[in-house]
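User: I have a model open and want to go through its pockets and its sheet. Can you take my questions as they come?

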Amino acid sequence: YGSTRPERILAEVKSKATRGDARSVVDTIDQYCRHQEWAMNVGDEKGTILDSIVCEVKPRAMLELGTYCGYSAVRIASLLPPNSRLITMEFNPVFAAIARQVIAWAGVEDKVVLIEGPSGDWIPKMKKEFGLTSFDLVFLDHWKDCYLPDTKLMEECGLLRTGSILVADNVICPGAPDYLEYVRGSPRYESKYFRSHLEYTRVEDGIEKSVFLG
Ligand SMILES: O=C(NCCNC(=O)c1cc(-c2ccc(F)cc2)cc(O)c1O)c1cc(O)ncn1
Ligand SMILES: [Mg+2]
C-alpha cells in the first residue's frame with residue numbers, strides 16, 4: 001500500500017497551494033515536479049507557450065485531450081474569458097479522480113468539464129452531448145499515438161472549423177511523428193513549431209501549433 005505519483009502531487013497542492021488561487025496551484029506543482037519528483041505535466045516552460053496561444057485565441061470552446069493531474073486544465077482555465085468552457089478528457093480513472101480535486105482546489109471548476117473515457121468513443125458524441133458547433137482551440141497531450149487518429153476523427157465529426165487551432169505537446173519527446181508529418185504536409189493546415197524542452201529537463205521537446213484551414 002503506497003501512494004501514487006498523482007496522489008503525492010495532490011497532497012502537495014493541498015498542503016502548499018492557496019485554495020482558490022490557480023496560479024499558486026500551478027507554481028506548487030512545478031516546484032514539486034522540478035525538485036522532488038518528475039511528472040508529465042506540460043510544465044512551466046512549454047506552459048508559457050500554451051498560455052500565450054490561449055490568450056491570443058481567447059477560445060469560447062476549448063478541448064484538452066489528456067488531463068493527467070489537471071495542471072494544464074488549471075493553467076488554461078485561469079486564462080479563459082468569462083462564460084468560456086474547457087472540456088478536458090482523461091482515459092485513466094485514477095488520473096481523473098486526482099484532477100477533479102486539483103481543479104476544485106484551484107477554484108476553476110466552473111470553467112472546466114472533466115470527462116472520463118477513451119477519446120475515440122467521446123469525440124463522435126461531443127456535439128450532441130455539449131451542444132457544440134466546433135472547438136476554437138484543442139490541446140493534445142494524451143497518448144502520442146492517438147494524436148493523429150483523434151485529429152482525423154475531429155475533422156470527420158465536424159468539430160473543427162476554418163481557423164480552429166490545434167496545439168500539440170511532446171511532438172519531439174516522446175514524439176508524435178505521424179501527427180507532425182500530417183499537419184505539416186497537409187494543405188488543410190498551417191503549422192508552426194515552438195522549440196522548448198521536456199518539462200523540468202534540458203531534453204529537447206516542443207509544441208506544434210496548427211491552424212485548420214477548412
Ligand atoms: O494519456 C495517458 N497518459 C499521458 C499521456 N502523456 C504522456 O504519455 C506524456 C509522456 C511524457 C514523457 C516524456 C519522457 C519520458 F521519458 C516519459 C514520459 C511527457 C509528456 O508531456 C506526456 O504528456 C494515459 C495513460 C494511461 O495509463 N491510460 C490512458 N491514458
Ligand atoms: Mg505532455
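User: How do the residues lining the second largest pocket divide into nonpolar, polar and charged?

Analyst: This is a predicted model. The lining of the second largest pocket has 5 nonpolar, 5 polar and 2 charged residues.

User: Which residues line the second largest pocket?

Analyst: Arg60, Ala61, Asn83, Ser84, Arg85, Ile87, Val113, Phe130, Gly131, Leu132, Thr133 and Ser134 line the second largest pocket.

User: And what volume does the second largest pocket have?

Analyst: The volume of the second largest pocket is about 160 Å³.

User: OK, the largest pocket then. How much space lies in it?

Analyst: The largest pocket holds about 440 Å³ of space. It is lined by 23 residues, and the closest to its centre are Gly66, Glu90, Asp141, His142 and Trp143.

User: What is the split of nonpolar, polar and charged residues in the lining of the largest pocket?

Analyst: The lining of the largest pocket comprises 12 nonpolar, 7 polar and 4 charged residues.

User: Switching to the sheet. In what order do the strands come?

Analyst: The order is E3-E2-E1-E4-E5-E7-E6, which makes an open sheet of 7 strands with mixed pairing. At the edges are strand E3 (112-116) and strand E6 (189-197), each of which pairs on one side only. From one strand to the next, the twist averages 15 degrees.

User: How many bridges join E4 to E5, and do the two run parallel or antiparallel?

Analyst: Strand E4 (residues 135-140) and strand E5 (residues 160-168) run parallel and are joined by 5 bridges. Within this pair, valine 138 stands opposite leucine 166 in E5.

User: What does helix H8 lie across?

Analyst: Helix H8 (residues 147-156) lies across E1, E4, E5, E6 and E7, and its angle to E5 is about 165 degrees.

User: Is H8 buried or exposed, for the most part?

Analyst: H8 is largely enclosed by the rest of the structure, because 7 of its 10 residues are buried. Those buried residues are Tyr147, Leu148, Asp150, Thr151, Leu153, Met154 and Glu155. Buried here means under 20% relative accessible area.

User: What glycine follows H8?

Analyst: Glycine 158 follows H8, and the phi of glycine 158 is positive, near 65 degrees.

User: Last one. Which strands does H3 lie across?

Analyst: Helix H3 (residues 43-57) lies across strand E1 (61-65), E4, E5, E6 and strand E7 (204-212). H3 runs at about 145 degrees to E6.

How values were computed: Residues numbered from 1 in each chain as written. Chains lettered and ligands numbered in written order. Predicted model: local features only at pLDDT ≥ 70, side-chain atom pairs only at ≥ 80, totals over all residues. Heavy atoms only, no water. 1 Å grid on protein atoms, 1.4 Å probe; cavity = no way out; pocket = protein on both sides within 12 Å on 5 of 7 lines; lining within 4 Å. Points joined across faces, edges and corners; volume = space filled by probe spheres on them. Nonpolar A, V, L, I, M, F, W, Y, C, P; charged D, E, K, R; others polar. Pairing = 2+ DSSP bridges. Helix = DSSP H or I, 4+ residues; strand = E, 2+ residues; numbered from the N terminus. Axes fitted to C-alpha atoms, helices over the stretch in contact; angles between N-to-C directions. Contact = heavy atoms within 4.5 Å. Buried < 20%, exposed > 50% of the residue type's maximum accessible area, 1.4 Å probe, protein only.
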